[in-house]
12 protein chains.
Amino acid sequence: MSESVYKIIEMVGSSPVSWEEATKNAVASAGMSLRDLRIAEVVTLDMKIDEGKPAAFRARVKLSFKLLSD
Amino acid sequence: MSESVYKIIEMVGSSPVSWEEATKNAVASAGMSLRDLRIAEVVTLDMKIDEGKPAAFRARVKLSFKLLSD
Amino acid sequence: MSESVYKIIEMVGSSPVSWEEATKNAVASAGMSLRDLRIAEVVTLDMKIDEGKPAAFRARVKLSFKLLSD
Amino acid sequence: MSESVYKIIEMVGSSPVSWEEATKNAVASAGMSLRDLRIAEVVTLDMKIDEGKPAAFRARVKLSFKLLSD
Amino acid sequence: MSESVYKIIEMVGSSPVSWEEATKNAVASAGMSLRDLRIAEVVTLDMKIDEGKPAAFRARVKLSFKLLSD
Amino acid sequence: MSESVYKIIEMVGSSPVSWEEATKNAVASAGMSLRDLRIAEVVTLDMKIDEGKPAAFRARVKLSFKLLSD
Amino acid sequence: MSESVYKIIEMVGSSPVSWEEATKNAVASAGMSLRDLRIAEVVTLDMKIDEGKPAAFRARVKLSFKLLSD
Amino acid sequence: MSESVYKIIEMVGSSPVSWEEATKNAVASAGMSLRDLRIAEVVTLDMKIDEGKPAAFRARVKLSFKLLSD
Amino acid sequence: MSESVYKIIEMVGSSPVSWEEATKNAVASAGMSLRDLRIAEVVTLDMKIDEGKPAAFRARVKLSFKLLSD
Amino acid sequence: MSESVYKIIEMVGSSPVSWEEATKNAVASAGMSLRDLRIAEVVTLDMKIDEGKPAAFRARVKLSFKLLSD
Amino acid sequence: MSESVYKIIEMVGSSPVSWEEATKNAVASAGMSLRDLRIAEVVTLDMKIDEGKPAAFRARVKLSFKLLSD
Amino acid sequence: MSESVYKIIEMVGSSPVSWEEATKNAVASAGMSLRDLRIAEVVTLDMKIDEGKPAAFRARVKLSFKLLSD
């Protein structure tokens with residue numbers, strides 16, 4: 001297991017509902033082209049506001065996925 | 001658009017339900033006196049505990065709002 | 001009140017539903033052996049991914065609890 | 001208690017004696033116009049030097065005060 | 001001099017030309033209502049991009065101004 | 001708008017003139033292959049020195065660009 | 001000496017007088033059950049305010065103590 | 001797997017040879033009383049110097065171990 | 001030299017032996033598809049533990065490689 | 001005033017009494033050979049413990065002093 | 001090349017024009033007594049304000065210069 | 001012991017073999033002119049790459065040495 005190599009990419013997902021959904025959306029978009037995703041680490045969270053009301057919860061996350069098998 | 005100026009204030013909102021609601025509550029309170037809110041950035045999150053059980057989710061956020069139009 | 005002393009411990013809770021539930025689970029586990037919990041501060045949040053889909057929301061938190069009464 | 005909202009402001013107090021007095025001075029100045037102060041968190045501490053000798057201890061603090069009652 | 005008290009506010013200025021101008025614009029806007037500004041500390045810098053080209057340099061700054069005289 | 005997803009990449013641009021030009025050069029290089037760039041956030045700035053004199057201003061920036069439309 | 005192992009715990013002490021006393025109080029409480037304390041590193045300092053006046057200086061510290069002898 | 005709970009403790013190990021050995025020594029000491037160790041995250045590294053020569057490599061690490069099974 | 005542009009990617013390499021080997025492994029994997037690598041900056045180091053014993057040293061690194069020649 | 005240049009050095013002072021005295025002691029030692037000291041910024045504070053009791057308050061500070069006159 | 005050793009010093013330069021000039025001024029002052037300067041890394045940027053108008057752009061930088069040849 | 005004063009300097013050492021050797025080399029170079037070195041704290045680690053292969057491990061360290069005896 002010790003020879004495995006991971007790559008890490010940074011994405012921002014958003015959702016009108018929650019930061020959990022925003023994180024899932026980032027993973028879903030990355031998942032279209034990437035295999036072997038393992039972890040999404042939260043870097044920052046924010047909420048966009050439109051006309052004084054919440055419009056979108058956004059999560060900036062670091063996604064790690066495996067390049068080499070164990 | 002390049003001449004716009006924003007001010008940033010820091011608030012703590014709370015909610016018995018979630019950090020998303022806590023953030024909305026901070027914005028709602030600020031919204032009573034402030035116009036042109038744009039973004040609420042999360043600084044820290046915590047949960048108050050009462051008699052060993054969760055009592056409130058709290059979000060410390062930075063709110064940016066526009067002082068000058070584009 | 002000024003003579004009170006707190007201890008702080010660091011735990012990771014997880015939940016299939018949300019980071020709020022993950023935080024509650026960390027507190028519940030600590031609560032089995034610890035009294036006088038006051039605050040759970042979020043240190044980091046992440047989401048474990050299994051076969052390209054979210055498997056668990058995890059919250060690393062610092063829990064403070066009182067050692068000496070006021 | 002969970003619906004309370006706080007605002008946080010940042011100030012620098014100074015004192016010829018100590019950082020504790022510098023922090024108290026920042027609070028005293030804020031207290032002239034602000035109600036319901038709760039906590040002064042230290043952000044940075046420094047000491048001004050004049051002709052090679054200490055002239056003032058300064059504390060940059062974040063003051064939180066309650067906007068809405070519990 | 002040791003009894004002086006400062007307040008610190010956070011603003012974002014922007015300019016099509018440079019981060020120096022963006023910082024000056026933040027100060028000019030604050031200057032309309034605030035006296036005794038002393039220092040603008042840079043917190044973050046960024047550049048907005050429009051259709052692949054730079055549209056505005058933005059500087060988030062902390063402005064300190066004196067509340068009490070020496 | 002809330003369903004949009006962004007990717008973030010990190011680049012270093014340089015210029016003999018200024019950090020603003022260095023940032024523009026990083027964007028211009030990224031722009032050859034990337035669409036929908038939105039923001040270049042400054043991570044670090046430095047200046048290379050050659051024989052005791054400035055040779056290049058360098059800006060390490062994070063570029064965010066949109067993967068999915070609103 | 002090179003084989004020694006230390007454990008680090010985090011505590012919050014408080015005092016009506018000073019942050020030095022607050023730190024000593026944290027150590028005194030830890031000292032009831034722990035041997036071989038070496039260093040108390042300050043993590044954060046704050047001051048609790050009661051009815052607009054200082055009520056307690058608090059120091060969050062990391063205490064290191066030796067598990068194995070040299 | 002999503003219901004598991006971890007505790008995190010902080011230790012300092014040392015070795016005359018390397019930071020890898022220092023980390024192993026911290027784990028070995030913890031391992032005497034703790035089960036289910038998973039990860040040792042490096043917080044800081046330093047080297048003690050004695051009479052101008054290296055005496056010990058030290059690693060401050062955070063050790064996470066499982067409290068509850070999956 | 002001042003017009004050169006670099007891209008930075010983040011990877012995790014691992015090794016049963018040392019963090020130096022872990023870093024080399026990350027570079028070797030990146031090197032299969034990337035030219036002009038210059039520097040691997042360490043972001044974090046950790047050690048995976050298996051049944052109470054070290055299983056792999058892992059290094060999270062940022063790799064910079066040149067996009068444009070001088 | 002705009003052409004002035006400062007140098008910054010880092011020192012650790014200690015005192016049996018307080019962190020204020022520790023900072024003064026660092027300045028006093030630097031003052032033996034350095035002119036034009038302006039500010040001592042606190043980097044970290046700690047307390048050495050001897051046989052379970054406080055032995056010294058230590059302040060790590062950055063001292064800035066002027067190289068060129070205005 | 002692998003045996004080279006660098007020393008790093010910290011300085012603050014200022015300029016009425018720009019942070020780039022401020023950085024050059026810091027290097028020019030250091031250059032009077034130091035050889036083999038390589039890089040000036042920006043630590044912080046600020047702008048001094050005089051009577052509500054910008055008086056000086058200041059750059060705090062870390063300068064690295066070579067002690068031993070390759 | 002409480003009156004001792006330390007100075008801290010920052011250096012970068014390098015080695016073709018390991019970060020431990022790189023740290024030792026920084027100390028050895030400092031040791032030619034400095035007495036009473038106590039600790040080398042690691043600030044950052046990196047690895048220079050030449051033609052796709054590791055050329056040097058580099059350690060940026062802060063060295064503390066005693067100015068005044070106990």
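The following paragraphs describe two chain-to-chain interfaces of a predicted model, that of chain D with chain B and that of chain B with chain A.

The interface of chain D and chain B is taken up here before the other. It draws 12 residues from chain D and 15 residues from chain B. The area that these two chains bury between them is about 1100 Å², and carbon and sulfur atoms contribute 51% of that area.

Charged side chains take part in this contact. Side chains of opposite charge can pair when their charged atoms come close. Between chain D and chain B, two salt bridges are found. In one salt bridge, the side chain of D:E41 meets that of B:R60, with an N to O distance of 2.7 Å. A salt bridge also links the side chains of B:E10 and D:K62, where the N to O distance is 2.8 Å. B:E10 belongs to strand β1 of chain B and D:K62 to strand β3 (residues 53-66) of chain D, so this pair joins two chains. Over all chains, the count of salt bridges by the same rule comes to 60.

Polar contacts can be counted across this interface as well: five residue pairs are in polar contact between chain D and chain B, with both residues at pLDDT 80 or more. On the side of chain D that touches chain B, the element that gives the most is strand β1 (residues 6-15) of chain D, with three residues. By class, that side of chain D consists of six nonpolar, two polar and four charged residues.

The backbone also connects the two chains. Strand β1 (residues 6-15) of chain B pairs with β1(D) in the antiparallel sense, over three bridges. Within this pairing, B:M11 stands opposite D:K7 of β1(D).

The placement of the two chains can be expressed as a rotation. Chain D is superposed on chain B, with an RMSD of 0.0 Å, by a rotation of 120° with 0.0 Å of shift along its axis. That is the relation of a three-fold axis. The residue of chain D that comes closest to the rotation axis is D:I9, whose C-alpha lies at 4.5 Å.

The interface of chain B and chain A comes next. Here the contact takes 13 residues from chain B and 13 residues from chain A. The buried area is about 1000 Å², with 69% of it on carbon and sulfur atoms. Zero salt bridges are found across the interface of chain B and chain A, while four residue pairs are in polar contact between these chains, both residues being at pLDDT 80 or more.

Which elements of chain B give two or more residues to the side that touches chain A? They are α1 (19-31) and β2 (37-50) of chain B. Of the elements on this side, β2(B) gives the most, with seven residues. The side of chain B that touches chain A divides into eight nonpolar, one polar and four charged residues.

Strand pairing is found at this interface too. Strand β2 (residues 37-50) of chain A is joined to β2(B) by three bridges, and the two strands run antiparallel. One bridge partnership in this pairing is that of A:K48 with B:I39 in β2(B). As for the relation between the chains, a turn of 120° with a shift of 0.0 Å along the axis lays chain B on chain A with an RMSD of 0.0 Å.

How values were computed:
Residues are numbered from 1 along each chain as its sequence is written. Chains are lettered from A and ligands numbered from 1 in the order in which they are written. This is a predicted model: local features need pLDDT of at least 70, side-chain atom pairs count only at pLDDT 80 or more; totals for chains, interfaces and linings use all residues. Side-chain values use heavy atoms; hydrogens and water are left out. Contact means heavy atoms within 4.5 Å. Buried area is the accessible area (1.4 Å probe) that two parts lose on being put together, summed over both. A salt bridge is a side-chain nitrogen of Lys or Arg within 4 Å of a carboxyl oxygen of Asp or Glu. A polar contact is a pair of N or O atoms within 3.5 Å; within protein, one must be able to donate a hydrogen and the other to accept it, and residues adjacent in sequence count only if both atoms are side-chain atoms. Helices (H or I, at least four residues) and strands (E, at least two) are DSSP runs, numbered from the N terminus. Ala, Val, Leu, Ile, Met, Phe, Trp, Tyr, Cys and Pro count as nonpolar, Asp, Glu, Lys and Arg as charged, and the others, Gly among them, as polar. Two strands pair if DSSP finds at least two bridges between them. Copies are superposed by least squares on the C-alpha atoms of residues with pLDDT of at least 70 in both.
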